[in-house]
Amino acid sequence: MALRLSLLLSVAAGPALAQATCEAPVGPIETCLVGAWIGTSTIPEALERAMMSMPDAVRANFSNLGQPVGMIIYDDGFFETFPIAAEGVADFVDDDGDVTTYEMTGQTVTTAGYITALGGTLDICYLPGGQGNLNGQMTVTTGGNSTTLPLPTMPGNTFNPVISYSCSGDTMQQNVALPAPIGTITYDMIRVPLAAFPFARDGAAGE
């Protein structure tokens with residue numbers, strides 16, 4: 001059960017495929033994508049729906065997961081995201097009414113790669129070592145006994161989801177179509193000054 005919970009969290013944190021090669025796109029990307037962005041995602045709601053679809057009786061709270069989201073897209077298509085806190089609690093109730101509680105705390109790992117934008121769809125590739133994952137720990141409590149374990153490092157995903165986007169002025173929305181039981185995750189972003197990310201790469205990012 002712990003592995004299944006961690007897998008759901010990992011899929012939501014890093015949905016795209018790390019391709020064999022990752023290079024800058026040919027030609028410019030859409031201007032409105034370029035810049036520094038912060039926002040929120042529907043990851044918590046998607047994970048709660050996924051938990052409810054499981055055969056076990058599950059009560060879960062992921063309200064602190066994936067908030068907020070931060071990323072920079074540069075005019076050459078290079079992008080980077082920044083670590084975010086990841087917290088969640090889930091209670092699993094078996095047929096006998098016994099409850100097992102999973103408490104997860106962690107942080108997403110910075111990702112980096114290139115974005116190609118074509119016809120309202122994003123194609124993302126990750127640089128070697130830039131896929132991201134979750135670092136942290138999970139405490140499992142059952143029958144009054146608790147065990148704390150590091151979150152397992154999940155292998156790279158083997159799919160490349162469809163990511164649609166729209167942008168206008170200082171707003172951007174991305175919709176990432178992930179497999180069931182997660183479903184589509186939406187990211188709503190607003191543009192901020194590049195200075196909001198003091199460790200950003202040197203280079204043009206809409207400023």
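User: What does the pLDDT of the protein chain average?
Analyst: This is a predicted model, so local features need pLDDT of at least 70 and side-chain atom pairs count only at pLDDT 80 or more, while totals for chains, interfaces and linings use all residues. Residues are numbered from 1 along each chain as its sequence is written, and side-chain values use heavy atoms, with hydrogens and water left out. pLDDT is the predictor's confidence in each residue, from 0 to 100. Here 81% of the residues score at least 70, and the chain average is 81.

User: Which element has the lowest mean pLDDT?
Analyst: Elements here are DSSP runs numbered from the N terminus: helices are H or I with at least four residues, strands are E with at least two. Strand β12 (residues 171-177) has the highest mean, 96. The lowest mean, 47, belongs to helix α1 (residues 2-13).

User: How many contacts does the model have for residues 13-19, beyond four places in sequence?
Analyst: Contact means heavy atoms within 4.5 Å. Treat this stretch with care, as pLDDT stays under 50 over residues 13-19. The number of contacts the model has there beyond four places in sequence is 27.

User: In what order do the eight strands close into a barrel?
Analyst: Strands count as paired if DSSP finds at least two bridges between them. In this barrel the pairing is antiparallel. Going round, the order is β1-β3-β4-β7-β8-β11-β12-β13.

User: By how much are neighbouring strands of this sheet turned against each other on average?
Analyst: Axes are lines fitted to C-alpha atoms, for helices over the stretch in contact, and angles run from 0 to 180 degrees between N-to-C directions. For this sheet average, direction is ignored. The value comes out at 30°.

User: What is the bridge partner of Ile38 in β3?
Analyst: Strand β1 (residues 35-41) and strand β3 (residues 69-73) run antiparallel and are joined by five bridges. Ile38 has its β3 bridge partner in Gly70.

User: What angle does the direction of helix α2 make with that of β13?
Analyst: Helix α2 (residues 43-52) packs on the sheet, where the strands touched are β1 and β13 (184-192). Taking the directions of α2 and β13, the angle is about 170°.

User: Which residue in the turn between β3 and β4 has a positive phi?
Analyst: β3 and β4 run antiparallel with three bridges, and Met71 has Thr81 as its bridge partner in β4. The two strands form a hairpin with four residues between them. The turn residue with a positive phi, about 90°, is Gly77.

User: Which residues of strand β4 are buried on the side away from Phe78 and Glu80?
Analyst: Buried means under 20% relative accessible area, exposed over 50% and partly exposed in between (1.4 Å probe, protein chains only). Both faces of β4 (residues 78-81) are covered, with Phe78 and Glu80 buried on one side. Buried on the other are Phe79 and Thr81.

User: What stands opposite Phe79 in β7?
Analyst: β4 and strand β7 (residues 112-118) pair in the antiparallel sense over three bridges. Opposite Phe79 stands Gly113.

User: Which residues touch the most other members of the largest nonpolar core?
Analyst: A nonpolar core is a set of buried Ala, Val, Leu, Ile, Met, Phe, Trp, Tyr and Cys residues joined through side-chain atoms within 4.5 Å. The largest one has 40 residues. The members that touch the most others are Leu33 and Ile73.

User: Which element gives this core its largest share?
Analyst: That share is five residues. They come from α2.

User: How many aromatic pairs turn up in the whole structure?
Analyst: Rings of Phe, Tyr and Trp (its six-membered ring) pair if their centres lie within 6.5 Å; planes under 30 degrees apart count as stacked, over 60 as edge-to-face and the rest as tilted. A search of the whole structure gives a count of five.

User: Why does the pair of Tyr74 and Phe78 count as tilted?
Analyst: The ring centres of Tyr74 and Phe78 are 5.8 Å apart. The pair is tilted because the planes lie at 45°.

User: How far apart in sequence are the parts that Phe79 and Tyr126 tie together?
Analyst: The rings of Phe79 and Tyr126 have centres 5.8 Å apart and planes at 70°, so this pair is edge-to-face. Phe79 lies in strand β4 and Tyr126 in strand β8 (residues 121-126), so the parts tied together are apart in sequence by 47 residues.
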